[in-house]
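Trainee: I have a structure open and some questions about it. Can we go through them one by one?

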Amino acid sequence: MSSTAVIGLQWGDEGKGKVIDGLASDADVVARYAGGNNAGHTVIVGEEKYVLHLIPGGILHEGKINLIGRGVVVNPAALLEEMDGLVARGVPIEERLRIDGRAHVILPYHQQLDGLAEVWRGEGRIGTTGRGIGPAYADKVARTGIRVADLLDPDYFRRRLHAALAEKNAMIERVYGQKPEFDESLADQALECAERLRGLVVDGGALLRQAEADGKRILFEGAQGAMLDLDAGTYPFVTSSWTGVAGIAGGTGFPARSLNRAYAVTKAYTTRVGEGPFPSELHGEMGERLRAAGNEYGATTGRPRRCGWFDAVVARYASALNGLDGIFLTNLDVLSGFEEVPVTVGYRDGDQVLTEFPADGAVLERLEPVQEVLPGWQEDITAVRRFEDLPETCQNYVRFLEQQMGAPIERISVGPGRDQIFRGENGRDCLWT
Ligand code: IMP
């Protein structure tokens with residue numbers, strides 16, 4: 001019996017898809033616990049590329065159960081589209097996918113409200129993915145949300161939807177001054193989706209607790225990253241869920257104290273999509289160069305990602321608050337060819353140097369990074385499969401990051417392929433025990 005979590009250490013897009021895919025081959029159950037189809041987890045299998053948004057990353061493996069946990073917000077139409085895409089590529093979805101009935105649903109008005117709220121915020125906009133994530137979680141907390149299980153009872157669902165629509169339409173019309181687009185015909189569309197999902201709906205917490213009791217291996221798949229966490233992240237420029245290890249128990253019904261291991265994935269540099277503080281961001285030519293080298297465009301929205309050097313203050317903070325056993329370092333190959341690779345080790349705020357990540361949004365807006373500049377390496381490292389075969393300056397860079405983070409680097413990824421990964425200098429053979 002063993003349970004392991006993998007989360008993002010930065011602002012999402014760390015390469016979790018590939019890491020989850022690798023660990024999933026030794027898991028029995030893979031469970032998502034937060035976020036929704038704002039996520040985009042990319043897995044490359046041979047020549048084939050899969051981008052998963054809502055469906056957990058064990059779906060491409062035979063014999064694994066993939067659970068969409070109760071903390072996820074599920075857009076039924078988007079889920080069906082993703083399922084159909086996988087079925088068309090020969091993935092037996094119905095055998096492998098389960099959805100917790102307690103998960104909340106995203107309906108079309110959530111998506112419209114997401115867009116309207118962003119326009120309303122103007123300069124203060126968050127830069128959301130526009131998928132209706134925030135409004136769906138807001139309804140959950142306000143206790144006006146609708147859950148997957150509610151969709152399975154047409155009369156009950158129609159009553160809940162009727163009440164929700166009255167409120168949403170009033171908001172769209174009176175607050176945002178727009179013509180409401182949605183009426184009760186929404187119910188028919190949602191119920192049609194529900195019929196197709198009915199056979200997959202379960203009590204996810206019970207499924208996980210039983211799997212644990214049966215000695216199965218469970219992998220918890222984080223979405224987004226620690227710095228987008230509603231409480232721990234760069235609020236208000238965050239997503240609306242608990243993206244870190246702390247989100248797992250609430251987002252699945254698996255007892256918090258039963259989790260055995262927690263790993264995080266971090267890029268060898270930093271990226272961010274959307275607005276908000278990013279102390280190590282590179283502007284101008286160097287930022288463009290890093291974006292081009294890493295092909296840094298969003299997997300969900302296609303937006304260019306903001307790019308910057310590795311931020312050890314972020315990594316130390318996120319690592320400590322999630323109690324990590326180890327780290328997966330990704331995209332190290334992208335740094336080949338840079339003469340120097342600076343690492344942000346502190347922040348300058350006036351005449352003070354901060355080494356802890358500050359909570360204060362005003363401080364975050366004005367601080368400057370304090371950097372330690374390390375020598376780069378020119379060699380292409382995409383074919384390297386042993387730490388000892390990395391160029392010496394590259395080995396030293398990895399050692400520096402490891403020392404900064406205070407957790408061992410278990411694996412190093414040097415390209416998108418399933419085989420382009422190897423053990424870090426202090427990595428263990430088995431990541432489950
Ligand atoms: P939302 O989750 O769509 O509400 O967006 C809130 C913030 O989180 C925005 O800055 C998004 O760009 C960011 N975000 C949400 N999901 C992801 C992701 O999977 N990767 C990277 N950024 C994300």
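Mentor: Yes. Keep in mind that this is a predicted model. Start with the pockets.

Trainee: Between which domains does the second largest pocket lie?

Mentor: Look at who supplies the lining. Residues come from both 2–100 + 201–262 and 265–423. The pocket therefore lies between domain 1 and domain 3.

Trainee: Which element gives the most to the lining of the second largest pocket?

Mentor: The lining has 28 residues. Among the elements that each supply at least two are α1 (16–24), β3 (41–45) and β4 (48–52). The top contributor, with 4 residues, is β3.

Trainee: How many charged residues are in that lining of the second largest pocket?

Mentor: Split the lining by class. The nonpolar residues number 7 and the polar ones 12. The charged residues number 9.

Trainee: Asn331 is one of the residues nearest the centre of the second largest pocket. What is its phi?

Mentor: First, place it. Asn331 sits in the loop between β15 and β16. It is not a glycine, yet its phi is positive. The value is about 60 degrees.

Trainee: Which other residue, Arg143, has a positive phi, and is Arg143 buried or exposed?

Mentor: Arg143 is in the loop between α5 and α6 (148–151). Its phi is near 65 degrees, and it is not a glycine either. Its relative accessible area is 71%, and the cut-off for exposed is over 50%. So Arg143 is exposed.

Trainee: Now the largest pocket. Which element gives the largest share of its lining?

Mentor: This pocket holds about 840 Å³ of space. Its lining includes at least two residues from each of α4 (108–121), α5 (133–142) and α7 (154–175). The largest share is 6 residues, and it comes from α5.

Trainee: How many nonpolar residues line the largest pocket?

Mentor: There are 46 lining residues. Of these, 17 are polar and 10 are charged. The nonpolar residues number 19.

Trainee: On to the rings. How many aromatic pairs does the structure hold?

Mentor: Two numbers describe such a pair: the distance of the centres and the angle of the planes. The count of pairs here is 8.

Trainee: What kind of pair do Phe220 and Phe254 form?

Mentor: Their centres are 5.0 Å apart. The planes meet at 50 degrees, which falls between the cut-offs of 30 and 60. The pair is tilted.

Trainee: How many residues apart in sequence are the parts that this pair, Phe220 and Phe254, ties together?

Mentor: Phe220 lies in strand β10 (residues 217–221). Phe254 lies in the loop between α10 (247–252) and β11 (261–267). So the parts tied together are 34 residues apart.

Trainee: Is Phe254 buried or exposed?

Mentor: Buried means under 20% relative accessible area. Phe220, at 0%, counts as buried. Phe254 has 2%, so it is buried.

Trainee: What kind of pair do Tyr347 and Phe357 form?

Mentor: The centres lie 6.0 Å apart. The angle is 75 degrees, and over 60 is the cut-off that applies. The pair is edge-to-face.

Trainee: Which residue joins Tyr347 and Phe357 in a cluster?

Mentor: Tyr347 and Phe357 are both buried. Ring pairs link these two with one further residue. That residue is Tyr317.

Trainee: Which residue lies over the face of Tyr50?

Mentor: Two such cases can be given. Arg289 lies over the face of Phe338, at 4.3 Å from the ring centre. Over Tyr50, at 3.9 Å from the ring centre, lies Arg89.

Trainee: Which residue is joined to Tyr235 by a cis peptide bond?

Mentor: Omega at this bond is about 5 degrees. The partner is found in the loop between β10 and α10. It is Pro236.

Trainee: Last one. How far apart in space are Ile44 and Asp351?

Mentor: Ile44 lies in strand β3. At 22% relative accessibility, it counts as partly exposed. Ile44 and Asp351 are 307 residues apart in sequence. C-alpha to C-alpha, the distance is 47 Å.

Terms used:
Residues are numbered from 1 along each chain as its sequence is written. This is a predicted model: local features need pLDDT of at least 70, side-chain atom pairs count only at pLDDT 80 or more; totals for chains, interfaces and linings use all residues. Side-chain values use heavy atoms; hydrogens and water are left out. Rings of Phe, Tyr and Trp (its six-membered ring) pair if their centres lie within 6.5 Å; planes under 30 degrees apart count as stacked, over 60 as edge-to-face and the rest as tilted. Buried means under 20% relative accessible area, exposed over 50%, partly exposed in between (1.4 Å probe, protein chains only). A charge sits over a ring if NZ of Lys or CZ of Arg is within 6 Å of the ring centre and within 35 degrees of the ring normal. On a 1 Å grid over the protein atoms alone, a cavity is a set of points where a 1.4 Å probe fits but cannot get out, and a pocket is an open set with protein on both sides within 12 Å along at least five of seven lines; lining residues have an atom within 4 Å of a point. Grid points are joined across faces, edges and corners, and a volume is the space filled by probe spheres set on the points. Ala, Val, Leu, Ile, Met, Phe, Trp, Tyr, Cys and Pro count as nonpolar, Asp, Glu, Lys and Arg as charged, and the others, Gly among them, as polar. Domain bounds come from an automatic or database domain assignment.
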